[in-house]
Amino acid sequence: MIKGREFLMNCEFSQFNSGIKRLMIFVSGFLLLIGSAGYIQKTSAQNQPVISTLPEPGLIYLNASNQVVLDVMITDAVDVVSFDFILNWNPAIANRISITPGTFLGSSVWCFLPPENNIPGRVQYVCSKSGLTGVSGSGVLAKITFSGVDYGSTALTFTKAELSNSNYGLIYA
């Protein structure tokens, strides 16, 4: 049996604990609401751009001696100042010879291949244009030349495709 003072302490603790729970629920709901509002604003503000390869449908056909030039394309872009993509393929079929910037960002671009590009069958390419004015529309982000290692075809798969706008905002493609 709980007596006097112990009963009061249990009641006060219970009320305190209940108040903390209510506060935590309120704060969690508030943060969820704020996070959702930002997400809704971001997704409804513009159409999502698409990054793809040309020739389509994302396959290249090679033999042991030919070369194929692949265009990495962007469509429906709005206010883009930089891009970062990772493209994968089967290294038993194709070998990357070169990668150069396309014309979409203009002639004054800075591009680099991160050190992780020593992995066969994978390339990461990052480019940024000079100035803060973004580019909108469609065009060629990069040109990649492949040589055949063996007879066959290989799928081309993007495992990362990110763009940034003139406000330094991230755009997923």
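Hi everyone, let's start with one residue: Lys160 is partly exposed, with a relative accessible area of 24%. In this talk, buried means under 20% relative accessible area, exposed means over 50%, and partly exposed is in between, using a 1.4 Å probe and protein chains only.

Before going on, a word on where this comes from. This is a predicted model, so local features need a pLDDT of at least 70 and side-chain atom pairs count only at pLDDT 80 or more, while totals for chains, interfaces and linings use all residues. Residues are numbered from 1 along each chain as its sequence is written, and side-chain values use heavy atoms, with hydrogens and water left out.

How confident is the predictor? pLDDT is its confidence in each residue, from 0 to 100. The protein averages a pLDDT of 79, and 72% of the residues score at least 70. Over residues 23–45 the pLDDT is below 50, and that stretch has 2 contacts in the model beyond near neighbours in sequence. Contact, or touching, means heavy atoms within 4.5 Å.

Back to Lys160. Which side chain does Lys160 meet in a salt bridge? The partner is Asp84, at 2.8 Å, N to O. A salt bridge here is a side-chain nitrogen of Lys or Arg within 4 Å of a carboxyl oxygen of Asp or Glu. The pair links distant parts of the chain, with Lys160 in strand β9 and Asp84 in strand β3, 76 residues apart. When I say strand, I mean a DSSP run of E with at least two residues, numbered from the N terminus. Asp84 counts as buried, at 14% relative accessibility.

Asp84 has another partner too. The side chain of Gln124 makes a polar contact with the side chain of Asp84, at 2.8 Å. That term covers a pair of N or O atoms within 3.5 Å; within protein, one must be able to donate a hydrogen and the other to accept it, and residues adjacent in sequence count only if both atoms are side-chain atoms. Gln124 sits in strand β6, residues 122–129, and is buried, with a relative accessible area of 8%. Leaving out residues up to four places away in sequence, Gln124 touches several others, including Phe85, Phe112 and Lys160.

The structure holds 2 salt bridges. In the one I haven't shown yet, the side chains of Lys143 and Asp71 meet at 2.7 Å, N to O. Lys143 lies in strand β7 and Asp71 in strand β3, so this pair ties together parts that are 72 residues apart in sequence. Lys143 is partly exposed, at 35% relative accessible area, whereas Asp71 is buried at 14%.

Now to the nonpolar side of things. A nonpolar core is a set of buried Ala, Val, Leu, Ile, Met, Phe, Trp, Tyr and Cys residues joined through side-chain atoms within 4.5 Å. The largest one has 30 residues, and those touching the most other members are Ile60, Phe83, Phe85, Leu87, Phe104, Ile144 and Phe146. Which elements give two or more residues to this core? They are β2 (59–62), β3 (67–88), β4 (94–101), β6, β7 (135–148) and β9 (157–165). The largest share, 9 residues, comes from β3. As for Ile144, its contacts more than four places away in sequence include Val68, Leu87 and Val123.

Next, the rings. A search of the whole structure finds 6 aromatic pairs. Rings of Phe, Tyr and Trp (its six-membered ring) pair if their centres lie within 6.5 Å; planes under 30 degrees apart count as stacked, over 60 as edge-to-face and the rest as tilted. Phe83 and Phe85 are a stacked pair, 5.8 Å centre to centre with 10° between the planes, and both are buried. Trp89 and Phe146 are edge-to-face, at 4.9 Å and 80°. That pair links distant parts of the chain: Trp89 is in the loop between β3 and β4, Phe146 is in strand β7, and they are 57 residues apart. Both of them are buried as well. Ring pairs also link Phe83, Phe85, Tyr125 and Phe158 into a cluster.

One last stop: Gly102, in the loop between β4 and β5 (109–112). Gly102 is buried, with a relative accessible area of 14%. How far apart in space are Gly102 and Ala142? They are 4.1 Å apart, C-alpha to C-alpha, and 40 residues apart in sequence. Beyond its neighbours within four places, Gly102 is in contact with Val140, Leu141 and Ala142.

Thanks for listening!

Notes. Helices (H or I, at least four residues) and strands (E, at least two) are DSSP runs, numbered from the N terminus. pLDDT is the predictor's confidence in each residue, from 0 to 100.
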